[in-house]
Amino acid sequence: MTEQAEELTCSPDELRTLFLFEKLSEDQLQWLCGHGHVELFEPGPLYSEGDPATCFYVLLDGTVVMSRRVGADNVETGRTSQRGVYGGAFNAYLGDRTPQVYMQSMRVTEPSRFFVLDANDFAQLMHEWFPMAVHLLEGLFFGVQASQRVIGQRERLLALGSLSAGLTHELNNPAAAAVRATAALRERVAGMRHKLGMIGAGKWSKATLQTLIQLQERAVELVAKAPSLSPIEASDREDELTDWLDDHSIANGWDMAPIFVQAGLETAWLDHVEATVDDGALEGALRWLSYTVETELLMNEIEDSTTRISTLVGAAKQYSQLDRAPYQVVNVHELLDSTLLMLAGKIPPGITVVKEYDESLPSIPAYAGELNQVWTNMIDNAVSAMGDTGKLTVRTGMDQELLFVEFADTGPGIPEEIRGRIFEPFFTTKPVGQGTGLGLDISWRIVVNKHHGDIKVESVPGDTRVRVCLPLTAPDPDSQESR
């Protein structure tokens with residue numbers, strides 16, 4: 001608070017000229033002058049957002065400027081010289097049911113006089129003079145808070161329902177692949193048992209068996225190093241192997257060739273097998289090795305599928321933060337990765353996702369689950385704007401003293417005439433039934449009000465960037481409020 005020049009005389013007649021007090025009785029005006037006082041303030045801050053709210057101020061003459069904190073900046077929200085405007089401990093009548101802090105900052109730009117009333121006296125005045133009005137205001141205040149919570153929960157449930165459908169689809173694919181691979185593996189193991197029966201019958205010599213085991217181990221090693229082939233390359237190699245098998249009178253060679261190709265085996269390896277095994281044992285050896293290779297490939301497929309399932313479950317756990325404290329120190333890249341993985345099923349194949357992470361960024365204190373909701377809203381909006389094709393770039397870095405997460409899309413851009421409205425509740429450009437108009441409003445509350453961060457938007461056709469800025473240190477929890 002600025003240093004006061006002097007305490008002046010309070011006049012009931014002057015208070016009566018203010019719209020706030022014009023309906024009060026003479027006794028009430030005398031009470032105000034008895035409990036409050038008139039004070040002259042020199043240019044400078046009167047009170048600051050987040051500080052304990054101790055006084056209620058009414059402007060008698062002068063000029064005031066109101067501002068709110070957005071990220072690291074104070075954004076001016078109003079400037080006036082109108083007599084009777086008020087600010088300060090306006091919520092004192094609510095008592096300890098809400099944090100008693102100044103909801104904005106106020107400063108004066110010229111010597112200005114105020115009627116000043118202590119917060120406790122203001123609360124007494126409200127309860128004794130306007131009991132019905134107090135009940136109405138309480139109902140309005142807490143009703144709005146309750147509505148915001150319900151709307152926020154509904155928005156989260158809508159997002160969760162959509163994500164659950166996508167997650168179910170994503171889980172079903174590797175689960176189905178694992179089931180198919182398990183069924184095929186059971187058949188191949190049965191075939192190997194049959195071959196073992198032949199070995200037990202003494203069809204092959206001990207030396208041949210030792211040779212087959214060595215070839216088997218070498219084949220397993222080659223499977224682990226199998227190169228990735230294009231469809232054309234794989235087809236050409238299958239033709240080569242099929243011709244080799246046909247030339248060596250191997251029945252149904254066309255059936256074994258794709259297995260050998262998938263394992264990265266070539267005709268040179270088949271030549272090596274031919275040169276290693278005894279005469280007359282080539283076909284049996286190749287079929288034994290085919291079973292070995294296919295078994296290994298099927299086990300790899302099962303491992304890949306179950307790993308994919310485990311990864312998806314881990315991402316869902318990271319995304320929901322169900323087993324973690326709401327407020328914690330987090331790595332934003334882990335949160336972004338889990339959200340992108342959860343949303344993978346909703347991103348069309350024609351949209352390329354590019355991650356440009358600054359790996360030197362520190363972990364930050366945050367409400368992890370709620371930040372995941374912010375990422376979800378930003379990605380969903382970007383994808384919706386681009387349609388079926390485009391590029392989504394998720395970028396992280398430092399913006400002065402703030403950590404930023406930027407979502408850039410190649411969509412048509414946000415028209416300038418509506419850019420200032422995108423954070424308004426229920427404002428949406430999506431067709432009816434496809435958007436609630438609450439995603440960006442909720443994101444604003446989470447980032448600006450709850451984390452004391454900022455959201456910046458830049459947009460031209462083909463390049464829209466939404467930058468979420470977050471502080472590196474924890475804000476004062478007493479100064480957090482709902483917007």
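In which handedness of crossing, left-handed or right-handed, does H2 pass H3? This is a predicted model, and the tour begins with that pair of helices.

Select residues 26-35, which form helix H2, together with residues 119-129, which form helix H3; the two pack at an angle of about 165 degrees, and their axes lie 11 Å apart. Since angles over 145 degrees count as roughly antiparallel, H2 and H3 are therefore roughly antiparallel to each other. Viewed along the line of sight through both, H2 passes H3 in a right-handed crossing.

Next, show the side chains at this contact, where Gln28, Trp31, Leu32 and His35 of H2 meet Asp121, Gln124, Leu125 and Trp129 of H3. By character, the residues of the contact of H2 with H3 divide into 4 nonpolar, 3 polar and 1 charged.

Now move along the chain to helix H6, residues 231-247, and select Leu241, which has its place there. Leu241 has a relative accessible area of 1%, and because buried means under 20%, Leu241 is buried. Leaving aside residues up to four places away in sequence, Leu241 touches Ala257, Phe260, Val261, Leu265, Glu266, Thr267 and Leu270. A distance drawn from the C-alpha atom of Leu241 to that of Gly253, 12 residues apart along the chain, should read 8.0 Å.

From Gly253, continue into helix H7, residues 253-262, in which Gly253, Met256, Ala257, Ile259, Phe260 and Val261 are buried. Of these, Ala257, Phe260 and Val261 are among the residues that Leu241 touches. Finish just after H7, at Gly264, which takes a positive phi of about 80 degrees.

Notes:
Residues are numbered from 1 along each chain as its sequence is written. This is a predicted model: local features need pLDDT of at least 70, side-chain atom pairs count only at pLDDT 80 or more; totals for chains, interfaces and linings use all residues. Side-chain values use heavy atoms; hydrogens and water are left out. Axes are lines fitted to C-alpha atoms, for helices over the stretch in contact, and angles run from 0 to 180 degrees between N-to-C directions. Helices (H or I, at least four residues) and strands (E, at least two) are DSSP runs, numbered from the N terminus. Angles under 35 degrees count as roughly parallel, over 145 as roughly antiparallel, 65 to 115 as roughly perpendicular and the rest as oblique. A crossing is left-handed if the near helix is turned anticlockwise from the far one by less than a right angle, and right-handed if clockwise. Contact means heavy atoms within 4.5 Å. Ala, Val, Leu, Ile, Met, Phe, Trp, Tyr, Cys and Pro count as nonpolar, Asp, Glu, Lys and Arg as charged, and the others, Gly among them, as polar. Buried means under 20% relative accessible area, exposed over 50%, partly exposed in between (1.4 Å probe, protein chains only).
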